[in-house]
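Me: I would like a close look at one part of this model, namely the salt bridges and the helix that carries them, with enough of the surroundings to place that part in context.

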Amino acid sequence: MRYRLTFIAGMALGYVLGTRAGRERYEQLKKSARQFAQNPAVRNTCETAAHSGREFAGKAYHAVEDKVGDKVPASVADRVRSLRGRGANGEDDWGTTNT
């Protein structure tokens, strides 16, 4: 019985210390990720990648539309048109936060 109580006490102490250390490490990782995401070079690269992706999607849609013709579902055609009109001036809501 004594060993069982010692074991349970050790488990409880390990759990408390582990969760505290885990929370601190989680906060460190969260802070590092936030700093990385707010880096101007990273933000510019992400915006460039998003813009390139939209351009390639539009080109792919037109290539498929030329080959398939009127068989493209209306739901797909509407989505591509709405994406094309979203960033008319080259800006979008990528990377914005609601604070």
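To begin with, what does the secondary structure of the protein come to, in helices and strands?

Reply: In this predicted model, the secondary structure consists of three helices and zero strands, and read from the N terminus the order of elements is α-α-α. Of the 99 residues in the protein, 6% are buried, while the exposed surface comes to about 8,800 Å², with carbon and sulfur atoms supplying 59% of that area.

Confidence should be kept in view before any detail is read. The mean pLDDT of the protein is 77, with 77% of its residues reaching 70 or more. Among the elements, helix α2 (residues 40–68) has the highest mean pLDDT, at 86, and helix α3 (residues 74–86) the lowest, at 66.

The part you ask about lies in helix α1, which covers residues 2–37. The structure holds two salt bridges, and Glu27 takes part in each of them. In one, the side chains of Glu27 and Arg23 meet with an N to O distance of 3.0 Å; in the other, Glu27 is paired with Lys30, where the closest N and O atoms are 4.0 Å apart. That second distance deserves some care, because the criterion for a salt bridge is a nitrogen within 4 Å of a carboxyl oxygen, and the value for Lys30 and Glu27 is given as 4.0 Å. Taken together, Arg23, Glu27 and Lys30 are linked in a network of salt bridges.

The spacing along the helix helps to explain this arrangement. Glu27 and Arg23 are four residues apart in helix α1, and so are separated by about one helical turn; Lys30 and Glu27 are three residues apart in that helix, which again corresponds to about one helical turn. An α-helix has 3.6 residues a turn, and therefore residues three or four places apart point the same way. As for solvent, Glu27 counts as partly exposed because its relative accessibility is 31%, and Lys30 is likewise partly exposed, at 34%.

Elsewhere in helix α1 sits Met11, which counts as exposed because its relative accessibility is 51%. Met11 joins Phe7 and Ile8 in a nonpolar patch on the surface, the three having about 340 Å² of accessible area together.

Helix α2 completes the context. At its start, a side-chain oxygen of Asn39 comes to within 3.1 Å of the backbone nitrogen of Ala41, and the buried residues of the helix are Val42, Gly58 and Tyr61. The end C-alpha atoms of α2 are 41 Å apart, which agrees with the 42 Å that its 29 residues should span at 1.5 Å a residue.

Methods: Residues are numbered from 1 along each chain as its sequence is written. This is a predicted model: local features need pLDDT of at least 70, side-chain atom pairs count only at pLDDT 80 or more; totals for chains, interfaces and linings use all residues. Side-chain values use heavy atoms; hydrogens and water are left out. Helices (H or I, at least four residues) and strands (E, at least two) are DSSP runs, numbered from the N terminus. Buried means under 20% relative accessible area, exposed over 50%, partly exposed in between (1.4 Å probe, protein chains only). Accessible areas come from the Shrake-Rupley method with a 1.4 Å probe; for residues, only the protein chains shown count as cover. Patches are made of residues with over 30% relative accessible area and no salt bridge: like charges are joined within 9 Å, nonpolar side chains (Val, Leu, Ile, Met, Phe, Trp, Tyr) within 5 Å. pLDDT is the predictor's confidence in each residue, from 0 to 100. The expected span of a helix is 1.5 Å times one less than its number of residues. A polar contact is a pair of N or O atoms within 3.5 Å; within protein, one must be able to donate a hydrogen and the other to accept it, and residues adjacent in sequence count only if both atoms are side-chain atoms.
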